[in-house]
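Here's a walk through one protein fold, strand by strand and residue by residue. Keep the viewer open and follow along.

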Amino acid sequence: DKTGTLTQNQMTIVKMFVPGAEIDVSGEGYAPQGSLQIGGKEAELSAEPAIARLLDIGVLCNDSSLEKEEAEEGAEEGKDQWKIVGDPTEGALVVAAAKVGKNRETMNTDFPRLQEIPFDSGRKLMTTFHKDAQGRFIAYTKGAPDILVGLCSRVMRRDGRIEEMTEQDRKAILEENGSLARSALRVLGMAFRPIDEIPSHPTPETDEKDLVFTGLVGMIDPPR
């Protein structure tokens, strides 16, 4: 594993996918500067509910944070240094959301985490449980796309509609996952599930099922 030896160990999201759209993400490293574009045009999050939800899952089902470092003496003016506290892969999700104005600290306050099923390498998933501003409860799951898709029974369309997942949907998602992986990207899948109450003792068997597939993100660790 040459991560951090031949590469910068700064995972950067460069592609996103929601059913109905592929998104290019610009910007490098951990600086929250860049944009989300569909077909060369900047994506308007207010008109893209599935993309907004994908970013929300990435930020809230996440244990890392983005911090600004004091500029070193003699550093080029205006060149802020940013660092990730936590896992670089999770950090990439926080940075992508910050590029469109989604702040992790604010979101954690607005959608507090009330319970979780931590990531483990066996199931390759992580799930967190939140309450929103309207008092509704929701579970967010992220992890290995091939495993995640098998736990989804519904899919969120680009316009926010939620429909039953068809075999055609499943095939299209797995093909997109394969395409991103062949481009040397590390791929994560995102899903969610509205719930009636927060489970006191959540388990993968009872709580990581009947999910709504939301999308994929593809990230790369730029070479040094």
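## Strands that pair up

In what sense do β10 and strand β11 pair, and over how many bridges? Antiparallel, over three bridges, with β11 covering residues 162-164. One thing to keep in mind from here on is that this is a predicted model. Within the pairing, M156 has I162 in β11 as its bridge partner. The hairpin that β10 and β11 make has five residues between the strands, and G160 takes a positive phi there, near 100°.

β10 (residues 152-156) has another partner as well: strand β13 (residues 211-220). That pairing runs in the parallel sense, again over three bridges. If you want a spot to click on, try V155, which stands opposite F213 in β13.

## T214, inside β13

Stay on strand β13 and pick out T214. Is T214 buried or exposed? Its relative accessible area is 0%, and therefore T214 counts as buried, the cut-off being under 20%. A polar atom of the T214 side chain sits 3.3 Å from the backbone oxygen of V212.

The contact list for T214 pulls in several parts of the chain. Leaving out residues up to four places away in sequence, T214 touches F17, V18 and P19, then A50, R53, L54 and I57, and also M156, M190, A191 and F192. M156 is the residue we just met as the bridge partner of I162. For a sense of scale, T214 and G86 are 128 residues apart in sequence, and their C-alpha atoms are 24 Å apart in space.

## Two nonpolar cores

Now for the greasy part. The largest nonpolar core has 35 residues, and the members that touch the most other members are I13, M16, L36, I51, L55 and V217. Several elements each supply at least two residues of this core: the strands β1 (12-18), β2 (21-25), β3 (36-38), β9 (137-143), β12 (186-195) and β13, plus the helices α1 (49-60) and α2 (88-98). Which of these gives the most to the core? That would be α1, with eight residues.

I51 makes a handy example of a core member. Neighbours within four places in sequence aside, I51 is in contact with M16, V18, I23, L36, I38 and L45. There is also a second, separate core of 15 residues, and F17, L125, V155 and M165 are among its members. V155 is familiar by now as the residue opposite F213, and F17 as one of the contacts of T214.

## Empty space

How many cavities of 30 Å³ or more does a search of the whole structure find? Two. The largest cavity has a volume of about 40 Å³. Its lining is made of I13, M16, L54, L55, G58, V59, L93, A96 and V217.

β1, α1 and α2 each put at least two residues into that lining. The largest share comes from α1, with four residues. Among the lining residues, I13, M16, L55 and V217 also belong to the group with the most contacts to other members of the largest core.

## Two loop residues worth a click

S64 lies in the loop between α1 and β5 (65-69). With a relative accessibility of 1%, S64 counts as buried. Its side chain has polar atoms to talk to: a polar atom of S64 lies 3.5 Å from the backbone oxygen of E90, and one lies 3.3 Å from the backbone nitrogen of G91. Beyond the four-place window in sequence, S64 is in contact with I84, V85, G86, D87, E90, G91, V94 and R104. Take V85 from that list: S64 and V85 are 21 residues apart in sequence, yet 5.5 Å apart from C-alpha to C-alpha.

The other one is R123, in the loop between β7 (113-120) and β8 (125-131). Is this arginine, R123, buried or exposed? Buried, because its relative accessible area of 13% falls under the 20% cut-off. The R123 side chain reaches the backbone oxygen of L125 at 3.0 Å, and one of its polar atoms lies 3.5 Å from the backbone oxygen of I117. Not counting residues up to four places away in sequence, R123 touches I117, P118, I147, P204 and E208. L125, for its part, is a member of the second core.

How values were computed: Residues numbered from 1 in each chain as written. Predicted model: local features only at pLDDT ≥ 70, side-chain atom pairs only at ≥ 80, totals over all residues. Heavy atoms only, no water. Buried < 20%, exposed > 50% of the residue type's maximum accessible area, 1.4 Å probe, protein only. Polar contact = N/O pair within 3.5 Å; in protein donor to acceptor, adjacent residues only side chain to side chain. Contact = heavy atoms within 4.5 Å. Pairing = 2+ DSSP bridges. Core = buried A, V, L, I, M, F, W, Y, C linked by side-chain atoms within 4.5 Å. 1 Å grid on protein atoms, 1.4 Å probe; cavity = no way out; pocket = protein on both sides within 12 Å on 5 of 7 lines; lining within 4 Å. Points joined across faces, edges and corners; volume = space filled by probe spheres on them.
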